[in-house]
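Q: Hi! I'm new to this one, so could you walk me through it? Let's put it on screen before we start.
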Amino acid sequence: MNFNTENLDKETLLHLYKAMVLPRTIEEKMLIALRQGKISKWFSSWGQEATSVGSALAMNKEEYILTMHRNLGVFTSREIPLDRLFSQFQGKMNGFTKGRDRSFHFGTQEFKIVGMISHLGSQMGVADGIALSHLLNQEEKCTLVYTGDGGASEGDFHEAVNTAAVWNLPVIIVVENNQWGLSTPSREQFRCKSFADKGIGYGIEAHSINGNNILEVYQTFKNLAESIRKNPRPILVECNTFRLRGHEEASGTAYYPEGMIEEWTKQDPIANYEQFLLSEGILNQNLIEEIKESYKKQVDEALDQTIAEPEIIPNKKTELEDVYAPFDNQEILPEKLQNREIRFIDAISEAIEISMKNHPNLVLMGQDIAEYGGAFKITEGFVEKFGKKRVRNTPLCEAAIVGSGLGLSINGYKSMVEMQFADFVTEGFNQIINNLAKTHYRWNQKADVVVRMPTGAGTGAGPFHSQSNEAWFTKTPGLKIAYPAFPDDAKGLLIQSFENPNPVLFFEHKKLYRSLKGNVPEGFYTTPFGKARKVKEGNELTIITYGLGVHIALEFAEKNPEISLEIVDLRTLIPLDTETIYESVKKCNKVIILHEDTLTCGFGAELSALISEHCFEDLDAPILRVASMDTPIPFNKKLEDQFMPNEELAEAVEKILKY
């Protein structure tokens with residue numbers, strides 16, 4: 001193995017050695033602790049230390065690094081106190097996630113590390129967002145993100161690298177090619193000879209290096225990072241290395257061909273570098289023993305200290321409170337009321353424009369939202385007002401863009417991601433469900449992202465542009481869900497969404513965009529989440545609904561004035577105003593739950609369960625749910641009309657009043 005010491009002094013050469021020995025010492029101790037039951041799982045980076053240590057030490061301390069399973073050397077190179085690291089491994093309170101996530105699944109602003117989630121490629125989009133924030137801040141900084149030869153097979157990898165290329169983001173993408181994805185060899189993961197070949201397809205610079213040569217890794221990354229800081233752009237680096245132990249210890253290495261471990265052991269990054277330093281007179285056997293004994297003592301003491309730490313005492317109140325970042329959900333009234341009718345779509349546009357002015361750190365992202373103004377023209381004219389840096393057309397890559405929203409939030413920005421249609425959110429589903437929703441609970445990092453969701457049927461758009469998919473998200477702790485029915489609420493709730501540091505899915509019914517007008521105050525005001533609105537008072541029957549369902553109920557009420565209907569518009573589904581629901585049910589004693597979504601497992605089922613549990617003795621009839629048919633949404637107008645719940649509402653009212 002050729003070690004090039006050009007421009008490196010003896011102090012640096014020795015520091016690189018020590019920086020690899022420490023994670024190896026931890027590895028040795030953790031394998032013993034695993035067998036003793038002191039930790040529950042271990043993902044080994046044995047044999048891959050040079051890649052993590054060399055790349056991490058090449059970065060400036062204030063630059064973010066986004067890690068994976070086998071990057072222990074990053075955490076130690078960033079000098080995280082060992083007791084905190086071991087507390088994390090054991091699920092103790094002194095760790096970084098309060099026992100809520102394991103091993104390397106954590107982030108820390110203090111040490112500028114963003115740990116992985118188990119969906120490997122998701123890190124890539126987050127790195128894009130952090131790198132974008134550096135561009136917007138005009139900072140000479142570089143972001144470093146790791147993925148593996150397995151993770152690089154995921155769609156997130158393609159989306160994120162493509163976005164980084166299109167936006168020319170200052171990010172180094174590290175592919176740790178350790179030859180195996182769990183038990184699947186590289187030949188079954190990809191056909192290219194080198195991951196550097198993939199750079200050609202994205203139009204970016206790419207390199208393939210020996211990931212076991214600490215000097216080659218360190219010098220390569222140091223040079224690339226310095227270059228990127230002056231000339232922002234993405235660069236892909238393949239680090240060829242090998243996983244000497246199993247994917248995790250339980251899986252073993254029986255699937256490796258005979259002789260492979262022995263062959264790669266000859267390329268052990270620490271052993272080879274140690275021999276080189278001995279030959280150069282930088283190391284001697286006494287110093288080697290001194291270094292290893294010192295680290296062994298530090299590791300032993302830190303682990304003993306961590307084992308002695310008390311176990312976490314579960315507290316339900318604390319757990320629930322930490323799901324969301326704190327926010328004062330107050331109502332801010334408009335400065336003056338005036339008679340001014342505008343369309344639903346214009347109220348949304350006003351809310352975004354006001355929030356862009358109030359928050360210079362707010363970035364809008366979505367397909368065609370810049371010069372074109374978006375599919376529905378909501379952001380038309382925004383480029384002229386706020387510039388293309390803040391109003392950004394995106395490639396067709398919802399996962400990378402939602403991930404970028406989180407990355408922006410990590411470095412102090414707010415973002416809005418527009419789904420061109422709510423149906424397309426499936427492409428970004430994992431980022432919303434597993435990254436945005438869980439980030440604050442896991443490591444106290446807010447996810448200040450609003451995802452706008454043009455939704456609903458009634459426009460003849462067929463099965464892929466018309467779905468009401470709010471129920472996909474209402475069961476996921478960590479998300480806020482708004483679904484306004486009127487222009488004034490659309491504006492107030494959307495402004496509140498941008499004020500709120502938590503992830504918000506904001507549903508906007510497409511049929512209401514241009515067909516519904518309402519009196520909307522000018523200027524800034526907010527509508528609080530979790531406050532339902534009685535849009536019609538009555539005492540005979542309660543209809544609980546939201547979105548287009550409110551207008552279906554109001555239309556029915558207008559045609560049937562003899563029925564004393566009370567109509568409750570929920571406005572937000574998470575948080576939910578149960579107080580207003582229960583009050584209305586107890587007053588009218590009969591209740592229908594109405595929504596446009598399909599019946600089975602729609603949000604109405606949750607409402608029905610809540611009412612049954614809390615208002616059972618107040619009911620004079622069974623709770624009835626009225627919803628759309630349990631089919632995909634058809635394109636044909638007559639079939640779509642049949643799909644919708646309008647006729648079923650009349651039948652349900654007749655049935656429940658006779659009960």
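Q: Let's begin with charges: how far apart are the mean positions of the positive and negative ones in the protein chain?
A: They are 1 Å apart, taken over 69 positive and 91 negative charges. Keep in mind that this is a predicted model.

Q: Okay, and what about secondary structure: how many helices and strands are there?
A: The protein chain has 24 helices and 23 strands. Its radius of gyration is 28 Å, close to the 26 Å that the globule rule gives for 659 residues, so the chain is as compact as a globular protein of that length.

Q: What box do the C-alpha atoms fill?
A: Roughly 100 × 55 × 50 Å, along the principal axes.

Q: How much of the chain is buried?
A: Of the 659 residues, 61% count as buried. As for the surface, the chain exposes about 26,400 Å², with carbon and sulfur atoms supplying 49% of that.

Q: Now the inside. Which residues have the most contacts within the largest nonpolar core?
A: Those are F473 and I611, in a core of 77 residues. Helix α5, residues 122-137, gives the most to this core, with seven residues.

Q: Following up on I611, what is it in contact with, leaving aside neighbours within four places in sequence?
A: Its partners are I544, I581, Y582, V585, V591, I593, F616, L619 and I623. Apart from the largest core lies another, of 68 residues, including M20, A58, I270 and L277.

Q: Last one: among contacts between residues at least 6 apart in sequence, how many join residues at least 24 apart?
A: In this chain, 80% of them do.

Terms used. Residues numbered from 1 in each chain as written. Predicted model: local features only at pLDDT ≥ 70, side-chain atom pairs only at ≥ 80, totals over all residues. Heavy atoms only, no water. Core = buried A, V, L, I, M, F, W, Y, C linked by side-chain atoms within 4.5 Å. Buried < 20%, exposed > 50% of the residue type's maximum accessible area, 1.4 Å probe, protein only. Helix = DSSP H or I, 4+ residues; strand = E, 2+ residues; numbered from the N terminus. Contact = heavy atoms within 4.5 Å. Rg over C-alpha atoms; globule rule 2.2 N^0.38 Å. Areas by Shrake-Rupley, 256 points an atom, 1.4 Å probe, with all protein chains shown as cover. Lys, Arg positive; Asp, Glu negative; His and termini not counted. Charge placed at Lys NZ, Arg CZ, Asp CG, Glu CD.
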